[in-house]
Amino acid sequence: MDQQLDTPLLAFDPTDPVALTQALVRCPSVTPAEGGALALLATVLASAGYSVHRPVFSADGMPDIENLYARIGTEGPVLVIAGHSDVVPVGDAEAWTRDPFGGVIVDGVLYGRGACDMKGGLAAMISAALRFRRDNPQAPGSIAFLITGDEEGPAINGTIKLLAWAQSRGERFDHCLLGEPTNPASMSDMIKIGRRGSLTGKLTVNGKQGHVGYPHLADNPIRGMVRLLAALDATPLDGGTTHFDPSNLEVTTLDVGNPSSNVVPAQAKAVFNIRFNDSWTPETLAAEIERRLREAAGNLVRYELAFQPTNAVAFLTEPGPFVTMVADAVEAETGKRPALSTTGGTSDARFIKNYCPVVEYGVVGQTMHQIDERVAVADLTALERITHRLLDSYFALQHKP
């Protein structure tokens, strides 16, 4: 499904990243609600001459999700800028010191849900692209925007389907800049050139319920669970790779559901998550976990293991001309060379990397998903300048004689 667009007059200058961020924050686009955010961006981009589409994707048992694809230019190379307009819930609204959907600025800081994750980054990059084409109307190549409303949700009706939809229409991308909030403390800190994978396992140890005073008539599953979890944690999964830290396994829940202190429980359950590097695939990692548990259990522990399906695999955008170009733009505007990193959680880059090389760079992410989420106005303007410089370099380099 592709929605029709109109292009009403805007009440602000969309080449101003601060004004555009405020307008976006004021759209309550909590996943899966569109909240007016994509409609606003459609108006902004269509008014600037972009061809804009808003496909809606569906899946059984899942809410419909609105997405946006826009492009200006018909020739290559195509630089696509990706992001998401949806945000997480505000949590306890009474705990906020500012309206979570107000977009107010206090002492040079813009407050609101999504201000840093990632409406601020998206707004700054759109503003930069609009200014670049305004100042360079004959610029070669094409700029595209790939924006989903489902990054903070199940990510089923969002970027993964939007990419396939674009490809089915003949769209091809050369490189992608994803505007996630990558910087820990300052705008010169970090570019992400890859992401770790994520694999979640559910472990159940079966015992026999009984009276604690008659242990020979029972079989305590907690003892077996401790044995198995210790085996998973006894030896590091790996020592890291050139661009990745060592993989890490974290037990996230441990439950027996036992309200009584004088009853041996019948069952113990645990959930663990592994953030893994490019030494592994989900399949090879699952096999290693199964091997460790099998050896530790022997004939003493009865257990069951199940892995959740995952689409989060480890990947790397090899350092090369595009990565260097992004780092050069950051250094030129901030005076410091950013580190190349693969840390953090997952992002939609895991889908985009199947279509073109992808690099992530955005604002400081210290308050993402927190009460009083916020972004410094100076960081928004810095990101706009950095993106503009990148666009200038990208298209000039791609078309040198």
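**Exercise 1. The annotated domain**

Task: Find which residues UniProt lists for "domain: Peptidase M20 dimerisation", and describe that span in this predicted model.

Solution: Start with the record. The unreviewed UniProt entry assigns this domain to residues 193–298. Next, turn to the coordinates, bearing in mind that the model is predicted. The C-alpha atoms at the two ends of residues 193–298 are 42 Å apart. Finally, look at the secondary structure: the span is 28% helix and 32% strand.

**Exercise 2. The whole chain**

Task: Set the scene by working out how many helices and strands the protein has, and what share of its residues is buried.

Solution: Counting the elements gives 9 helices and 21 strands. The C-alpha trace spans about 85 × 50 × 45 Å along its principal axes. Of the 401 residues, 51% count as buried. Now take the contacts between residues at least 6 apart in sequence: 79% of them join residues at least 24 apart.

**Exercise 3. A buried acid**

Task: Locate D86 and work out what its side chain reaches.

Solution: First, place the residue: D86 sits in the loop between β5 (78–84) and β6 (105–106). Second, check for a charged partner. D86 is buried yet has no salt bridge, and K119, the nearest side chain of opposite charge, is 8.6 Å away. A salt bridge would need a side-chain nitrogen within 4 Å of a carboxyl oxygen. Third, look for another polar partner: the D86 side chain reaches the backbone nitrogen of E152 at 2.8 Å. Fourth, leave aside neighbours within four places in sequence; the residues in contact with D86 then include S29, T31, T148 and E152.

**Exercise 4. Aromatic pairs**

Task: Classify the pair Y50 and F145, then the pair F132 and F395, and say where each ring lies.

Solution: Begin with the total, which is 7 aromatic pairs. In the pair of Y50 and F145, the centres are 5.8 Å apart and the planes are at 55°, so the pair is tilted, as stacked needs under 30 degrees and edge-to-face over 60. Y50 lies in the loop between α2 (37–47) and β1 (51–53) and F145 in strand β8 (residues 142–148), so the pair ties together parts 95 residues apart in sequence. Y50 is buried at 5% relative accessibility, and F145 is buried at 0%.

For F132 and F395, the centres are 5.8 Å apart and the angle is 25°, making the pair stacked. F132 is in helix α3 (residues 115–135) and F395 in helix α9 (residues 377–398), 263 residues apart. Both are buried. To finish, follow the ring pairs outward: they link F132, F322, Y394 and F395 into a cluster.

Terms used. Residues numbered from 1 in each chain as written. Predicted model: local features only at pLDDT ≥ 70, side-chain atom pairs only at ≥ 80, totals over all residues. Heavy atoms only, no water. UniProt positions renumbered as here; feature names shortened; annotations may be inferred. Helix = DSSP H or I, 4+ residues; strand = E, 2+ residues; numbered from the N terminus. Buried < 20%, exposed > 50% of the residue type's maximum accessible area, 1.4 Å probe, protein only. Lys, Arg positive; Asp, Glu negative; His and termini not counted. Polar contact = N/O pair within 3.5 Å; in protein donor to acceptor, adjacent residues only side chain to side chain. Contact = heavy atoms within 4.5 Å. Phe/Tyr/Trp six-rings, centres within 6.5 Å; stacked < 30°, edge-to-face > 60°.
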